[in-house]
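Colleague: I would like to go through this model with you, one question at a time. Please give the reasoning before each answer.

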Amino acid sequence: MVVMSSRREIVRPVKRIRGEISVPSDKSITHRALILGSLASGPSRIERPLRAEDTLSTAACLRALGIRIDEDAKGWVVQGRGLWGYAAPGKDLPCGNSGTTMRLLSGLLAAQEFSARLVGDSSLSRRPMKRIVEPLNKMGAQVSAYDHEYPPLEIRGLKPLKPIVWESPVASAQVKSCLLLAGLHAEGKTVYREPFLSRDHTERMLSSCGVPLKTSPGAVEVEGPSRPAARDWKVPGDPSSAAYFLAAAALLPGSEVRVPQISINETRIGFCHILKALGADLSVETETAEADGGPVGSASVRGGRSLKGVSVGAREVVGMIDEIPIFVVVATQAQGQTIIRGASELRIKESDRLQALATELRKMGGNIEELPDGLVIQGPTPLLGQTVDSHGDHRLAMALAVGGLVARGETCILDAGCVDISFPGFWDQWGQVVR
């Protein structure tokens, strides 16, 4: 049961949860549909977009760059102006908490014949941007950051950009998307290589807009200049938002939950694979073989099976980068040791997620050792309801809510309103499901 309050949420344990649950539309696809629509010539309709703080930041920045975005009951209509059709902004471009907004728009702004300044909130202003600053400068843009690393970003573009071959030391969908979008504006072939395959929505969506891409294991290349064609998008549900309900069902015997119409793109459902590896009774079914951004389907979990600890490394972490907080909560209830390595990227998210997870779950009784690039979790450990802090991190807040369902007594989550970054209305829906 959940008791609503203005700045905090009280979660109490329940025996089981059941039902079919609808989750918000996919955040990654919504961001990209807005951006690709702005690059096209003419209107692109986005049906069922995610209207959350992060995606609204992207829409606000595009409007400040002269892009018309109309809203109606079904979604948004973006009036594209082509590769070089953006207008110089009269003020700073506010990215809020959204690293996706800042990094992807930097790829576009690097090719425009004007200067722009991208700013973020206090959390985003601590996130590293050198990983896009360096390649964009090699393409000919002039991009500067505070201490060569952090926002705000000041960008003076070049038309056209120079193509490059870039070897990224990290697997990052945001870095990859930034350089592919910049590559659309370059004269020649831009090649991006990464150690593991990160989320591939950008590649899939560019291809569906008629942009010629070549992909191979660990690499993708785009020939520029190339303009995406205008088209309509239908955004599926977000598997990262589904993860909290699937995890809760796996932890509570007698539970049965189904989440339909979510993206089941293989680069997005790493958490489902790991939950099954832990021993959960989980199934994924395809509903639409190929849709906007990849296949769409449903995920179902029946609770009651005992869970066993697993070890995951960098390759698995990339496939569930947003679901690590809820994975750690589940691991506290699994038999034996769970080890996470290769997750240093989590230290530079909305919070230092490794430190925050260890700190808050230890308060509740979790047996967790912090590593430089991961965590070691010993389970199962009974959790005790406590007052815990979200650290302003939406994914940590929702993961702690699941922890509260299996804890003894009340769990009070501070700064719980941050869930609106990705899942507006989460607490209302949570209250309906776990009552």
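Colleague: How many of the residues of α7 are buried?

Modeller: This is a predicted model. A residue counts as buried when its relative accessible area is under 20%. Helix α7 is largely enclosed by the rest of the structure, because the buried residues number 13 of the 13.

Colleague: What distance does α7 reach from its first C-alpha to its last?

Modeller: Helix α7 covers residues 239-251, which is 13 residues. At 1.5 Å a residue, the expected span is 18 Å. The reach in the model is close to that, at 18 Å.

Colleague: Which residue caps the N-terminal end of α7?

Modeller: Look at the backbone nitrogen of S240. A side-chain oxygen lies 2.8 Å from that nitrogen. The oxygen belongs to the capping residue, D238.

Colleague: Which side chain makes a polar contact with the side chain of D238?

Modeller: The partner lies in the loop between β16 (256-263) and α8 (270-277). Its relative accessibility is 3%, so the partner, R268, counts as buried. R268 is also in contact with residues beyond its neighbours within four places in sequence, including P239, S240 and R199. The polar contact with D238, at 2.9 Å, is made by the side chain of R268.

Colleague: Is P260 buried or exposed?

Modeller: P260 has its place in strand β16. Leaving aside neighbours within four places in sequence, P260 is in contact with E20, I21, E287, G297 and S298. Its relative accessible area is 13%, and the cut-off for burial is under 20%, so P260 is buried.

Colleague: What distance separates the C-alpha atoms of P260 and P236?

Modeller: Along the chain, P260 and P236 are 24 residues apart. In space, their C-alpha atoms are separated by 9.4 Å.

Colleague: Are α1 and α2 roughly parallel or roughly antiparallel?

Modeller: Helix α1 (residues 27-39) packs with helix α2 (residues 53-64) at an angle of about 10 degrees, and their axes are 9 Å apart. Angles under 35 degrees count as roughly parallel. That makes the arrangement of α1 and α2 roughly parallel.

Colleague: Which residues of α2 make the contact with α1?

Modeller: By class, the contact has four nonpolar, five polar and two charged residues. From α1 come K27, T30, H31, L34, I35 and S38. From α2 come D54, T55, T58, A59 and L62.

Colleague: Which residue caps the N-terminal end of α12?

Modeller: Helix α12 (residues 394-406) is mostly covered, with 12 of its 13 residues buried. One of the buried residues is R395. A side-chain oxygen lies 3.0 Å from the backbone nitrogen of R395, and it comes from D393.

Terms used:
Residues are numbered from 1 along each chain as its sequence is written. This is a predicted model: local features need pLDDT of at least 70, side-chain atom pairs count only at pLDDT 80 or more; totals for chains, interfaces and linings use all residues. Side-chain values use heavy atoms; hydrogens and water are left out. Helices (H or I, at least four residues) and strands (E, at least two) are DSSP runs, numbered from the N terminus. The expected span of a helix is 1.5 Å times one less than its number of residues. Buried means under 20% relative accessible area, exposed over 50%, partly exposed in between (1.4 Å probe, protein chains only). A polar contact is a pair of N or O atoms within 3.5 Å; within protein, one must be able to donate a hydrogen and the other to accept it, and residues adjacent in sequence count only if both atoms are side-chain atoms. Axes are lines fitted to C-alpha atoms, for helices over the stretch in contact, and angles run from 0 to 180 degrees between N-to-C directions. Angles under 35 degrees count as roughly parallel, over 145 as roughly antiparallel, 65 to 115 as roughly perpendicular and the rest as oblique. Contact means heavy atoms within 4.5 Å. Ala, Val, Leu, Ile, Met, Phe, Trp, Tyr, Cys and Pro count as nonpolar, Asp, Glu, Lys and Arg as charged, and the others, Gly among them, as polar.
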